[in-house]
Amino acid sequence: MADWDYPEPYCLPVTATAADVDELGHVNNAVYVRWMTDCAWAHSIALGMTIDVYRLLDRAMAMSRHEIDYLAPAWRNDQLQVATWIREFDGRLTMSRCFQIMRPADGVTLLRAKTNFACIEMSTGRVRRMPAEFLEAYGGAYRAQTGA
């Protein structure tokens with residue numbers, strides 16, 4: 001059983017490939033950000049928030065800030081779990097996700113991160129209030145994951 005920072009994560013399995021490895025011989029730091037983005041999207045899709053829904057509503061949750069602690073390297077062929085939780089949700093404009101990347105083979109946490117998101121109007125790029133659909137999907141996940 002994984003030693004997750006919070007209960008009930010949404011998890012995305014990933015395997016480090018040769019293309020993920022940089023000149024230092026380990027997975028490049030930028031790849032972790034891609035995995036976090038992939039995990040956030042997969043979680044959104046699982047919540048019913050697809051790109052088609054975003055386009056229909058002319059709203060999106062756009063990343064505005066990352067705080068990342070790289071704790072240990074990943075190597076080619078490592079099988080990893082990327083976990084996310086919605087840990088902050090203001091019900092108006094913003095939310096934050098926490099991420100943890102773990103290597104189940106040895107239980108080592110490779111990364112902990114927090115990403116802030118702002119709701120934007122896709123057609124203008126301006127910050128706008130979340131529509132009811134976002135409140136239901138993302139707010140519901142926040143309440144389920146935090147007990148709020």
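Q: Leaving aside its neighbours within four places in sequence, which residues is N116 in contact with?
A: In this predicted model, N116 touches A62, M63, S64, R65, M95 and S96. The cut-off for a contact is heavy atoms within 4.5 Å. N116 itself sits in strand β5.

Q: What makes the link between the side chains of N116 and S96 a polar contact?
A: The two side chains come to 2.7 Å, and the cut-off for a pair of N or O atoms is within 3.5 Å. The pair therefore passes as a polar contact.

Q: How do you know that β5 pairs with strand β2?
A: Pairing takes at least two bridges, and β2 (residues 59-70) shares 11 with β5, in the antiparallel sense. The pair therefore counts. One of the β2 residues to look at is D69, whose bridge partner in β5 is R112.

Q: And what makes β4 a partner of β5?
A: Here 10 bridges join β4 (residues 94-103) to β5, against a requirement of at least two. The two strands run antiparallel, and M95 stands opposite F117 of β5. The β4 and β5 hairpin has four residues between its strands, and G107 takes a positive phi near 75° there.

Q: How covered is strand β5?
A: Mostly: β5 spans residues 108-121, and 11 of its 14 residues are buried. Buried here asks for under 20% relative accessible area.

Q: Why is the contact of R112 with D5 called a salt bridge?
A: The N to O distance between the two side chains is 2.6 Å. The limit for a Lys or Arg side-chain nitrogen and an Asp or Glu carboxyl oxygen is within 4 Å, so the pair qualifies. R112 belongs to strand β5 and D5 to the segment before β1 (10-15), so the bridge links distant parts of the chain, 107 residues apart.

Q: Why are R112 and D5 neither buried nor exposed?
A: R112 has 34% relative accessibility, and D5 has 33%. Buried ends under 20% and exposed starts over 50%, so R112 counts as partly exposed and so does D5.

Q: What makes E88 and K114 a salt bridge?
A: Their side chains meet at 2.9 Å, N to O, and the cut-off is within 4 Å. This pair also links distant parts of the chain: E88 lies in strand β3 (residues 79-89) and K114 in β5, 26 residues apart. E88, at 38% relative accessibility, is partly exposed. K114, at 21%, is partly exposed as well, given that buried means under 20%.

Q: How do you know that R128 and E121 form a salt bridge?
A: Their closest N and O atoms are 3.5 Å apart, which fits within 4 Å. Salt bridges with shared partners then tie R59, E121 and R128 into one network. In total, the structure holds 10 salt bridges.

Q: Is E121 buried or partly exposed, and what about R128?
A: E121 has 14% relative accessibility, so it counts as buried. R128 has 30%, so it counts as partly exposed. The line between the two classes is drawn at 20%.

Q: Why does D78 count as it does, buried or exposed?
A: At 13% relative accessibility, D78 falls under the 20% cut-off, so it counts as buried. D78 lies in the loop between β2 and β3. Residues up to four places away aside, D78 touches V14, T15, A16 and R103.

Q: What makes the link between the side chains of D78 and R103 a polar contact?
A: The side chains come to 3.0 Å, and the cut-off is within 3.5 Å, so the link gets the name.

Q: How do you know that the radius of gyration agrees with a compact globule?
A: For 148 residues, a compact globule would come out near 15 Å, and the protein has 16 Å, so the two agree. The C-alpha trace spans about 45 × 35 × 25 Å along its principal axes.

Q: How much of the protein counts as buried, and how much area is exposed?
A: 41% of the 148 residues count as buried. The protein exposes about 7,800 Å², with carbon and sulfur atoms supplying 51% of that.

Q: What is the overall layout?
A: There are three helices and five strands, in the order β-α-α-β-β-β-β-α along the sequence. Of the contacts with a separation of 6 or more, 70% come from residues 24 or more positions apart.

Notes:
Residues are numbered from 1 along each chain as its sequence is written. This is a predicted model: local features need pLDDT of at least 70, side-chain atom pairs count only at pLDDT 80 or more; totals for chains, interfaces and linings use all residues. Side-chain values use heavy atoms; hydrogens and water are left out. Buried means under 20% relative accessible area, exposed over 50%, partly exposed in between (1.4 Å probe, protein chains only). The radius of gyration is taken over C-alpha atoms; the globule rule is 2.2 Å times the number of residues to the power 0.38. Accessible areas come from the Shrake-Rupley method with a 1.4 Å probe; for residues, only the protein chains shown count as cover. A polar contact is a pair of N or O atoms within 3.5 Å; within protein, one must be able to donate a hydrogen and the other to accept it, and residues adjacent in sequence count only if both atoms are side-chain atoms.
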